[in-house]
Amino acid sequence: MDPAVAEKVCTIRQNVADRIGHNRFRTWFGGDAEFQLDGRRLHVIVGNAFVGHWISTNFMPHLVEAAQTVIGDEPQIEIRVGPRAAASETLALPPATTDLPAPPPRPAVVAGPRRAPQRPTLRGELETFVVGPSNELAFSVARAAVERPGAVFKHLVVHGGCGLGKTHLLQGVCNGLTRAHPALQWCFLSGEEFTNEFIYAVKAGRVDAFRSRFRNVDVLVLDDIHFLANKKATQEEFLHTFNSIDASGQMVVLSSDRHPRSIATLSEPLVSRLTAAMVVRIDPPEWGTRREILRRRAAAMACPLPDDVLDFLARHITRNVRELEGALYKLSAYAALTREPIRLDMAQRAVEDYITTPQMPEAADIERMVAAHFGVTRDALHSSSRDRTVTHARGFAMYLIRMHTRMSFPEIGRALGHRQHSSVLMAVRRIQGLLDRDGAVTWRTPAGMREVSARQLLEEFERRLRHGPDPS
């Protein structure tokens, strides 16, 4: 790209981010959306139709203004879906048009004549879900799944750490479907329940009944799909269930504690199926979202909190929503026992166990995390093995220990099998080289070969170090 054009494109991206807010820009544009400038025409290439239509509907005036400040003339904006720098489907029309057509619809889910299964009582509602930059995309696709099930995207996978609202969203989808499409049949259960019922069906000789129950629904909603890791037979059964539902034009909605590609012991065919769905991540809530969650929960409990207490709790309890709620329950109980109004000094005493105190990870913790992810043992990391999987795991462990501890290269070498400091230095440089050129890491798992971007792999490790280990 011509340097002058590249500078204009960079300025336009910055202008858009300034207008809509940098958190929202990262959510909807991030690093995946590509901006191309051809004279007065600005092309924005995005990864899928849902994101493209959302940008067209909500951010078109901002794109026009951002481009106009750089181009000077009346710009033309096109939003396209497809691979970067390749021919793709055009979604947007000329800049003055903001009421744009929806992306080409998929066949909508249509309820069949089957008898609706008994529906459990679910607590989560989309109306009570607190939306912020950390979960805006996930909430939007959940709402789209309720409004037009199976039309905008076929299947949905929501992933993120523990206590961030994944179950709330999935239950909200189910409750929303009941109100918006009363004849539509859905089934909600956890990965553990699916596994236990499959095991019972096999032992009792009722596999046909099991399959009939889960394959003859319009929407199958499965919470905690990561529970199927290391369960080969259950994975195979779920894959057949997924394929059957997909073939009949129905919808699957799933949640996981991590991206499907990061669940090392899922079979390759199942990972391929899941990554072909609409995969969205929920991140830990930022301060404003945490404060609003506390305010709403306190109001529901008839437990009014002064502004300074709200600010204190939201600022210092940062890991997830469950800890926020736990701190609020404890503070409410403390106030009831002491029969005193809630004050800042009371909050500081009552919830001190919940306060997030940043801690430097131990080298042993990093080793365990990396070894578990690659499916090797810590003994293998310390061995002289040159197996590719072990080498990758050892390299990332050395890199992360160097980045997150005060250990020197010689100390890291002694900790990981009495290696020379030069070996550690070369391993760290090798990982840094992969990150610099956005290279991929390939290793062997029980389900076959797995290939993941080194940058994505590092981001996953960093999230686990910041927010603690994922639930298993």
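**Figure 1. Met407 sits in the loop between helix H17 (388-404) and helix H18 (409-415).** This is a predicted model, where local features need pLDDT of at least 70, side-chain atom pairs count only at pLDDT 80 or more, and totals for chains, interfaces and linings use all residues. Residues are numbered from 1 along each chain as its sequence is written, and side-chain values use heavy atoms, with hydrogens and water left out. Helices here are DSSP runs of H or I with at least four residues, strands are runs of E with at least two, and both are numbered from the N terminus. Met407 has 19% relative accessibility, so it counts as buried. (Buried means under 20% relative accessible area, exposed means over 50%, and partly exposed is in between, using a 1.4 Å probe and protein chains only.) Leaving aside residues up to four places away in sequence, Met407 touches Ala363, Ile401, Arg402, Ile412 and Ala415; contact means heavy atoms within 4.5 Å. Met407 and Ala363 are 44 residues apart along the chain, with 8.6 Å between their C-alpha atoms.

**Figure 2. Here helix H3 (residues 49-58) packs against helix H5 (residues 136-147).** The angle between them is about 100°, and their axes are 12 Å apart. Axes are lines fitted to C-alpha atoms, for helices over the stretch in contact, and angles run from 0 to 180 degrees between N-to-C directions. H3 and H5 are therefore roughly perpendicular to each other. (Angles under 35 degrees count as roughly parallel, over 145 as roughly antiparallel, 65 to 115 as roughly perpendicular, and the rest as oblique.) On the H3 side, look for Phe50, Val51 and Trp54; H5 brings Glu136, Leu137, Ser140, Val141, Arg143 and Ala144. Sorted by type, the residues of this H3 and H5 contact are six nonpolar, one polar and two charged. For that sorting, Ala, Val, Leu, Ile, Met, Phe, Trp, Tyr, Cys and Pro count as nonpolar, Asp, Glu, Lys and Arg as charged, and the others, Gly among them, as polar.

**Figure 3. Glu136 in helix H5 gets a view of its own.** Is Glu136 buried or exposed? At 10% relative accessibility, Glu136 counts as buried. Not counting residues up to four places away in sequence, Glu136 touches Arg24, Thr27, Trp28, Trp54 and Val131. Arg281 is 145 residues from Glu136 in sequence, yet their C-alpha atoms are 9.7 Å apart in space.

**Figure 4. Helix H7 (residues 191-204) crosses helix H9 (residues 232-247) at roughly 100°.** Their axes come within 10 Å. That crossing makes H7 roughly perpendicular to H9. Phe194, Thr195 and Phe198 of H7 meet Ala233, Thr234, Glu237, Phe238 and Thr241 of H9. The residues in this H7 and H9 contact split into four nonpolar, three polar and one charged.

**Figure 5. The largest nonpolar core has 59 residues.** A nonpolar core is a set of buried Ala, Val, Leu, Ile, Met, Phe, Trp, Tyr and Cys residues joined through side-chain atoms within 4.5 Å. Which residues have the most contacts inside the largest one? They are Phe29, Phe35 and Phe153. H5 supplies the largest share of this core, eight residues. Another core, of 34 residues, lies apart from it and includes Ile412, Leu416, Val428 and Val441.

**Figure 6. Ala302 and Arg339 each have a positive phi of about 55° although neither is a glycine.** Most residues other than glycine have a negative phi. Ala302 is in the loop between helix H11 (287-300) and helix H12 (307-316), and at 68% relative accessibility it counts as exposed. Arg339 lies in the loop between helix H13 (321-338) and helix H14 (344-350). Arg339 is exposed too, with a relative accessible area of 79%.

**Figure 7. Cys174 and Cys10 appear in a structure with zero disulfides.** A disulfide is a pair of cysteine sulfur atoms within 2.5 Å. Why is Cys174 not bonded to Cys187? The sulfur of Cys187 is the closest cysteine sulfur to that of Cys174, but at 8.5 Å it is too far for a bond. Cys174 counts as buried, at 0% relative accessibility, whereas Cys10 counts as exposed, at 53%.
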